[in-house]
Amino acid sequence: MPTVSLIRANSYHPQALETSLKTLLEPWGGITAFVKPGDRVLLKPNLLTGSRPTKECVTRPELVAAVAKLVIEAGGKPFLGDSPAFGSALGVARANGYLPLIESLNLPIVEFQGKRYQTVSEGFDHLRLSKEAMEADVVINLPKLKSHVQLTLTMGVKNLFGCVPGKMKAWWHLEAGKDVNRFGEMLVETARAINPNLTILDAIIGHEGNGPSGGEPRELGILAASDHVFSLDRTLVDLLQVDPSLVPTVAASQRLGLCSELTDINYPLLTPKELQVSDWKLPDALVPIDFGLPRVLKSTFRHFYIRWIKEPMATYSQNK
């Protein structure tokens, strides 16, 4: 029976976060249920963009640092990785204030490299995924709760799309984006292949409206965790009172038999009903998932421009 742990949490202050995370993970007996001494532990936050650092578009660095400390206390060896749509993981992390906390913990940041992996899916028999994610001993998925103009909501499953390296994400929009059901299934199969050991979702402050980056911050005061990412996402759509059929990742996980009914999920602390939000803002309108070839090429050029020209120039200016 999958477990989803839900608590109220209203602060990103380090001491408050440490207490909140320990409470959140109590149902499993703490972080040591997932991390053993010597384990290489990937922390996979949402490092979407460096362009709106005050708008809660990414997982808060304070949360990542707090989880990293728990991993270190358990004897694990944490490292941080992601593959932003534009720029590098380091560049986006720097723009969002990650570096002081990362440096204080000596936390490595890796840029994901791709490799093809066999999957159990007939429709996606090979997926090009991050070698660093697939070969980590433990994967801790750290998504941000956000509305999304293409996928209605982005939560635990969508965050693992960041384990598809570089501009392969844009090419997936081109290849699978014409069929929203197929695109949702691709995201679900990616999540199933990565198979995170633990997902901790940052909804202390979410991002509502025209996300994943064009919306606005929304204080919710919630942290959620699960050992089953599909059950966590199913829980969150109920908490936000969003129809699961409107969220392609949740709908796909249900079609593929990977998503439990709410009655089959164990809620040891709070229940979704106790935390329900009645006025969460979804996008004003959904936009097509598919990218035409000109958009893919433009996106690829923008990615390389930011990563290889804009980010190095910004770093050089800071170091002068």
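Of the 320 residues of this protein, 56% count as buried. I should say at once that the model is predicted. It contains eleven helices and eleven strands. If we take the contacts between residues at least 6 apart in sequence, 77% of them join residues at least 24 apart.

Let me turn to the N-terminal part of the chain. Helix 1 covers residues 14-25 and helix 2 covers residues 61-73; the two pack at an angle of about 65 degrees, and their axes lie 10 Å apart. The crossing of helix 1 past helix 2 is right-handed. On the side of helix 1, the contact is made by Leu17, Glu18, Leu21, Lys22 and Leu25. Helix 2 contributes Glu62, Leu63, Ala66, Val67, Leu70 and Glu73. By character, the residues of this contact divide into seven nonpolar and four charged, with no polar ones.

Helix 2 also belongs to a second arrangement. Together with strand 2 and strand 3, helix 2 makes a right-handed β-α-β unit. Strand 2, residues 40-45, runs parallel to strand 3, and four bridges join the two. One pairing to locate on the model is that of Arg40, whose bridge partner in strand 3 is Lys77.

Is strand 3 largely enclosed or largely open? Five of the six residues of strand 3, which spans residues 77-82, are buried, so this strand is largely enclosed by the rest of the structure. Strand 3 is also joined by three bridges to strand 4, residues 109-111, and these two strands likewise run parallel. Here Asp82 stands opposite Glu111 of strand 4.

I should next like to consider a single residue, Val139, which is found in strand 7, residues 138-142. Val139 is buried, with a relative accessible area of 3%. Which residues are in contact with Val139, once its neighbours within four places in sequence are left aside? They are Leu42, Ala133, Ile194, Pro196, Asn197 and Leu198. Leu42 falls within strand 2, residues 40-45, which we met a moment ago. As for Asn195, its C-alpha atom is separated from that of Val139 by 7.8 Å, although the two residues are 56 apart along the chain.

Further along the chain we come to helix 9 and helix 10. Helix 9 comprises residues 229-239, and ten of its eleven residues are buried, so helix 9 is largely enclosed by the rest of the structure. The buried residues of helix 9 include Phe230, Leu232, Leu236 and Leu239, and also Asp233 and Arg234. Following helix 9 is Gln241, which has a positive phi, near 60 degrees.

How many of the eight residues of helix 10 are buried? The number is six, so helix 10, residues 248-255, is also largely enclosed by the rest of the structure. The buried residues in helix 10 are Pro248, Thr249, Val250, Ala251, Ala252 and Ser253. What covers these residues includes helix 6 (156-159), helix 8 (180-194) and helix 9. Just after helix 10 comes Gly257, and its phi is positive as well, at about 75 degrees.

To close, I would draw attention to three points on the model. The first is the right-handed β-α-β unit of strand 2, helix 2 and strand 3. The second is Val139, buried in the predicted model with a relative accessible area of 3%. The third is helix 10, whose buried residues have helix 9 among the elements that cover them.

How values were computed:
Residues numbered from 1 in each chain as written. Predicted model: local features only at pLDDT ≥ 70, side-chain atom pairs only at ≥ 80, totals over all residues. Heavy atoms only, no water. Axes fitted to C-alpha atoms, helices over the stretch in contact; angles between N-to-C directions. Left-handed = near helix turned anticlockwise from the far one by under 90°. Contact = heavy atoms within 4.5 Å. Nonpolar A, V, L, I, M, F, W, Y, C, P; charged D, E, K, R; others polar. Buried < 20%, exposed > 50% of the residue type's maximum accessible area, 1.4 Å probe, protein only. Pairing = 2+ DSSP bridges. Right-handed = clockwise from strand over helix to strand, strands pointing away.
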